[in-house]
Amino acid sequence: MKITGIIAEYNPFHNGHAYHLRQAKEISGADFCLVVMGGDFMQRGTPAIIDKYARTRMALSGGADLVLELPLYYAAGSAEFFAMGAVSLLDRLGAVDSLCFGSEWGSLSLLSQIAALLTREPEEYRLALQEGLKKGLSFPLARSLALQQSLPGSSGLQAVLSTPNNILGIEYLKALQRRHSSISPCTISRIGSGYHAAALSSGDDTFSSASAIRRSIHDPAAIRSHVPPAVYEILQKARQKTFPISSKDFSLLLRYRLLTEAEKGCAGYLDMPPGLAGKIRKHFNQFRDFEQFAGLLKSKELTYSRICRSLLHILLDMTEEDMAAFRREDYVFYARILGFRRSSLKLLQVLKQNTSIPLISKLADASSYLTGTGLTMLKKDIEAAHIYESVVSSKYGLPFANEYSRELVILEEPPMP
């Protein structure tokens, strides 16, 4: 049996994701496709537009065989932490043969070369990076320029470093190299609109970006052809019941957290850039909502996504101390199952036979598998899920759904063609 892994957010699942799943199985020759998916909060520092259970059903209907939740600290972390957490989870399962990711470049050679350099971090690169940061450049730009100096003559280097899926793919390759993992990487060329494309594609092109779909989410007719039929049905059933959710819905919670942190100076939170705490205090009286405040704090040195992540880390009480403990003890301690297709029971059996971490299907049983740091990580996942659910239930006037009462998503029918 061959198993391929995919790391995703599916926020929401669209035609490009369905294409990726089909191609991943074809290219890798895998019998099963396992997805590690971010939960209710995303890597860009935003809440998911729809909850993780709905997105799990989307993934299963689109061809995934099993969906596991990426723990919060990685799902809402920087690209490096996102990749390292997800790759560590796949690696510790002990049965995944390949990792298949999408990229704009579509070839492994140069991506692997860049990843190897970033893993080694030779002195020439480190000095160039420090010089760029001293000039006030943002970290992504400073790193890009340092890489270009360290890999002169590499054809296409600038193009590779300017696109988000390539950058994330490089982080996956770095994580595989650092873990000396036996998982083989493969990449699929991204098709259709660019990652950040704000408008839906037109004509016969129905491969729009998730960003464009989120922008048009209030117009069901506009997005219908850009997502698989099963996904469209899920969205329509949930519309104005549990979805859509945006960062603005968390504004009062964020304001409260910032008020309580004012005297402490927002110290100790994960990925808190130097000087940001001072800017938060300085501009706090101008706070209107989550998105407006993040935009107000944005600068040449700090991207909007970086600001959003930092604010989210404050909101969810995600600390550097916890992350340091997770890293010391090999990043992940469990694999929480969100859903699977009934026809994939053999996959679950193989994972249970090979994994070095427990597979969690029922939260109530987790304390019998986990202690210490692992239990701390899971409790943070549950706490974040409850914060998200609190906002959903308040916005739409629904009863609160406790995470311990949520059932696995089990898909009986075969995936869509």
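Select Ser78 in this predicted model and display its surroundings. Beyond the neighbours within four places in sequence, Ser78 is in contact with Gln43, Asp271 and Arg309. Ser78 itself belongs to the loop that lies between helix H3 (72–75) and helix H4 (79–93). Is this residue buried or exposed? Its relative accessible area is 17%, and buried means under 20%, so Ser78 counts as buried.

Next, select residues 3–8, which form strand S1. Six of the six residues of this strand are buried, and S1 is therefore largely enclosed by the rest of the structure. Display the side chains and look along the strand. Ile3, Gly5 and Ile7 point one way from S1, while Thr4, Ile6 and Ala8 point the other way. In a regular strand, side chains alternate between the two faces of the sheet. In S1, the residues pointing either way are buried.

Now add residues 32–38, strand S2. S1 and S2 pair in the parallel sense, with six bridges between them. To locate one of these pairings, select Ile3 and Phe32: Phe32, in S2, is the bridge partner of Ile3. Then trace the chain from S1 to S2; the path passes through helix H1 (residues 15–28), and the resulting β-α-β crossover is right-handed.

Finally, select residues 98–103, strand S4. Which way does S4 run relative to S1, parallel or antiparallel? The two strands run parallel and are joined by two bridges. Select Thr4 of S1 to find the residue facing it across this pairing: Thr4 stands opposite Ser98 in S4.

Terms used:
Residues numbered from 1 in each chain as written. Predicted model: local features only at pLDDT ≥ 70, side-chain atom pairs only at ≥ 80, totals over all residues. Heavy atoms only, no water. Buried < 20%, exposed > 50% of the residue type's maximum accessible area, 1.4 Å probe, protein only. Helix = DSSP H or I, 4+ residues; strand = E, 2+ residues; numbered from the N terminus. Pairing = 2+ DSSP bridges. Right-handed = clockwise from strand over helix to strand, strands pointing away. Contact = heavy atoms within 4.5 Å.
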